[in-house]
Structure formats: structure tokens, C-alpha cells
Amino acid sequence: MTFDLGPRDLGDGLMLRWATPADVERVVELVSFVFRRKAEDPPNANMGHWTRDLGSGRHPLSGVDQGVFVEDTRTGAVVASMWLIPTAWTYEGIPFGVGRPEQVASHPDYRRRGLVRALFQAFHERSAAAGELVQGVTGIPYYYRQFGYEFALDLGGSRTVVFDDIPPLKEGETESYRLQAAAEDDLPFVMELYEHGRLRSAVSTNVPAAYWRWTFAEANPESREGWRTFLIVNRDGARQGMVLTSAVRWGTALGVRAVEVGEGVSLGQVVRPLLRALRDVAPAIPAGREDKTPNRLDFGLGAEHPLYDVLGQGLAPRCDPPYAWYVRVPDLKGFIRHITPALERRLAESPVAGHTGDLHLDFYRGGLRLVLENGCITAVEDWQRPIWRAEGVAAGCPPLVFLQLLFGRRSLEQLRAMFPDVWAGDEAQPLIEALFPARPSTVIELS
């Protein structure tokens, strides 16, 4: 499928265009102006540096023509824009492309004129042409629901450890583990641990080697994006694990984005030396805004992580629940076909293994029919609920709410408790629970 990158006339002197190198600084001007915390603040320099990175031609995922904006041709000003970051996720190990819009901005003087909607229309068309089965965005509450997105995957979730609660090293003892900054030669080790950690997640982010290298040496540190990579080493200097921290400190907290240890390494023995090492390294990591004295660690490892189990309530009493990714699946039938091997594996490990029959999913203005033969999904077809109630195995769910079930953010039981229009017949319920169980996911952002 081809996509026309030509300009689109939106009327009233407004033109939608895809960026060229000559346009990058004009987009920088808009996003730096829009993404300020207060009206009296100066332009957001960090956003400007990030935009320049995305449009530099060096970024491992995005390029200059992934920027799309609306220009007021009467003044030459960029008045609305977004930047696309093509990404890959996996669903139970099955990869699929994800179109990610970032830096969605519109000038206050041009809002409520449908400009962001026009940007999303162009983005969705381009994403479809690129073969991306899903679009995902992080952003402010409600807003992206307007464009067909649903909160369908956990985003974040953390446990906090206050420096004053970290147990001191006993007198006369030496640390059994310490942190050291990773070098590019350590990337294969770090990547292997990251890949092993992904096995805990139903959905996770594929981080290509080029992006890992980007975070090491090529990203502009002034953008405040990406992360810092550390190794956990033992007394002999042998690599035992890895830690990703945020690129900067925010307020009084140092964010920790990933913790993984190697096979046979006890997290229970690593955790206290790790806490002390992170506490000691925190002041050396630059501040994102105000340079406040760090006093805590925020382990943003998702809703569940083995580290949380060993921290316990004593060391990490504060638990912040996850926010959520907005997710859009324009061709639900095609996506389910794509992930069929994963669904069949789940079915084979369930009480309804080997099931034969049809499962009807009623989305009220449409639906799907899944045909199962001996535990294999042989067809996924459009289906419309008949006027008169038909006998059969069926369940119903509002179409966007179904995405929470599909991606494992909520179980059928949880959704039924939240939404009166989510239901399942007695025969359908065990099939739904087998195919679409609640499963934790940690999907990190690549910027």
C-alpha cells in the first residue's frame, strides 16, 4: 500500500505537510512554546532538543519525514504538529509494528478547529500503509479517546524507596555488589538480560541494537530522553545484572526503569547493595528541572516485578498504580489473525484445550466470529448479531473496551464488574478466560 506524502489543503490558508529538514526548527518553535508548564515560562528547551534529534536523520527509529504539521500559509507559522516514532512490540513473543505519535501540539490560537484530528487522519493512513497493526500513544487523560484509542495497556506503575529507609552497610563489611556505568561493549549482555525480562510481559517493547547504541552515545543529553545503563557487578568485577535509570532526576526522585539479574543471581542478596549504590549515584545524575537534593528512588518497573517481592512493604511501602497506554487497533480481525498462535497456545494450556465450535463476540455495531477446531482457530470473520436472539456461544463487549481484554489489562470478571454491557454466556466464559486472560505487561517508551 502506498501513501501520498504530498501537502493537503485544509482550507482557510491552512496546509498539512510532512516535514523536510528545512521545517525542523519551525516545529521546534511550536513544541517548545506549547510544552511549557506555565504561560510565563520560557520555551521548553528539552522538547526542542528532542525534536531536533527526531529530525536529525540519525535517530534509529524516526526520520525527518515522520514529522507532520499544519502551516498557516498566510504567516508561515507552524500551528499544529506531531512526530511519529515507528516501533515494534511483541504479543506473547509475536512481533507487530506500532505507529507511535509523539509531541502532539497545537497553538492555543488555533485550537478547536480540527487540526489535530487532521494530523491523526494523515498519521493513521500512513501507519496503515506501513503495515503497522496497532497505534499506541502516551498522553493526557481522555484526549486520545476522540481518535479511536482506548486505555488498554499498563503504563508505569512504581514502588518508592526513601533514602532514609535504606539499611546501612554493617560495620566492618564490604559491599558484595556495586554499580558501574555500562560501556558499549556491554550491550550484548545488557540486551540479553532485557530480552529475558520481557518473558514476564504479555506485551513488551522490542528495543533494537541501534536504539541501545543511540542511548549510549548519540542522543542529545539535553533532550532528557532515553535512559542511563548501569551494570551490577560483584566483588570480582563480574557482571551480575543491569539497571536502567532515567536520563535525569525529576524533583527529588531518581527513576529506575529496569532491573534484571543473571541466571542464578539472587535478587534478595542484590537488593540492599543495589539500593545503596543507586542512592550514591543519584546526585551525579543531572536534574531535569529544579536541581533538588535527591531523597528517594522510584522503581517504575510496572504493576508487577520480582524486585517488588524482595523489597516488601518495609522498604517500599508506597505503591503507585499504573497509568495506561492508549491503544488503537483499526483492523481487529487482522490483528487477532496475526496473534492466533499465541491464542492457541493459551487455549492448549487451559481447561478448554481442544475445543471445537464457534465463539461469537458481539461489539453491538458489529462483531467477530472465531471458528475453533480441536483447539485451533481456523477462521476469524466479521459477524453481526441477528435481529432475533440466536442460540450459540457468545459474549458481548463495547468495541474499545474489548481492547483491555485483548491486551490483558483487565480480566473478563473485572470488566463485567465495571461495565454492565460486558457479558458472557456460560459456554463462552471459559473460552474468553482462556483466550484473553489478565496478564501483566511492561511496555517501555522509546523516544
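Is Asp4 buried or exposed? Asp4 is exposed, with a relative accessible area of 58%. The views below come from a predicted model.

**View A. Asp4 in the segment before strand 1.** Asp4 belongs to the segment that precedes strand 1 (8-11). The side chain of Asp4 reaches the backbone nitrogen of Gly6 at 2.8 Å. Arg117 is 113 residues away from Asp4 along the chain, and the C-alpha atoms of these two residues are separated by 18 Å. Asp4 counts as exposed because its relative accessible area, 58%, is over 50%.

**View B. The open sheet of 7 strands.** The sheet is open, and its 7 strands follow the order 11-13-14-15-16-10-17 with mixed pairing. Strand 11 (177-181) and strand 17 (318-320) are the edge strands, each pairing on one side only. From one strand to the next, the twist averages 30°.

**View C. The pairing of strand 13 with strand 14.** Strand 13 (residues 227-234) pairs with strand 14 (residues 239-246) in the antiparallel sense, over 7 bridges. Within this pair, Arg228 stands opposite Thr245 in strand 14.

**View D. Helices 4 and 6 against the strands.** Helix 4 (residues 187-198) lies across strand 13, strand 14 and strand 15 (253-261). The direction of helix 4 is at about 80° to strand 14. Helix 6 (residues 267-281) packs on the sheet, where it touches strand 10 (158-162), strand 11, strand 13, strand 14, strand 15 and strand 16 (296-299). The direction of helix 6 makes about 150° with that of strand 15.

**View E. The crossing of helix 6 and helix 7.** The axes of helix 6 and helix 7 (residues 306-315) come within 9 Å and cross at roughly 60°. Helix 6 is therefore oblique to helix 7. The crossing is right-handed. On the helix 6 side, the residues that meet helix 7 are Leu267, Gly268, Val271, Arg272 and Leu275. Their counterparts in helix 7 are Pro306, Leu307, Val310, Leu311 and Leu315.

**View F. The surroundings of Thr205.** Thr205 lies in strand 12 (residues 203-205). Its relative accessibility is 0%, so Thr205 counts as buried. Apart from neighbours within four places in sequence, Thr205 is in contact with Thr87, Ala88 and Trp89, with Tyr194 and Arg198, and with Thr442, Val443, Ile444 and Leu446.

Notes: Residues numbered from 1 in each chain as written. Predicted model: local features only at pLDDT ≥ 70, side-chain atom pairs only at ≥ 80, totals over all residues. Heavy atoms only, no water. Helix = DSSP H or I, 4+ residues; strand = E, 2+ residues; numbered from the N terminus. Buried < 20%, exposed > 50% of the residue type's maximum accessible area, 1.4 Å probe, protein only. Polar contact = N/O pair within 3.5 Å; in protein donor to acceptor, adjacent residues only side chain to side chain. Pairing = 2+ DSSP bridges. Axes fitted to C-alpha atoms, helices over the stretch in contact; angles between N-to-C directions. Contact = heavy atoms within 4.5 Å. Parallel < 35°, antiparallel > 145°, perpendicular 65-115°, else oblique. Left-handed = near helix turned anticlockwise from the far one by under 90°.
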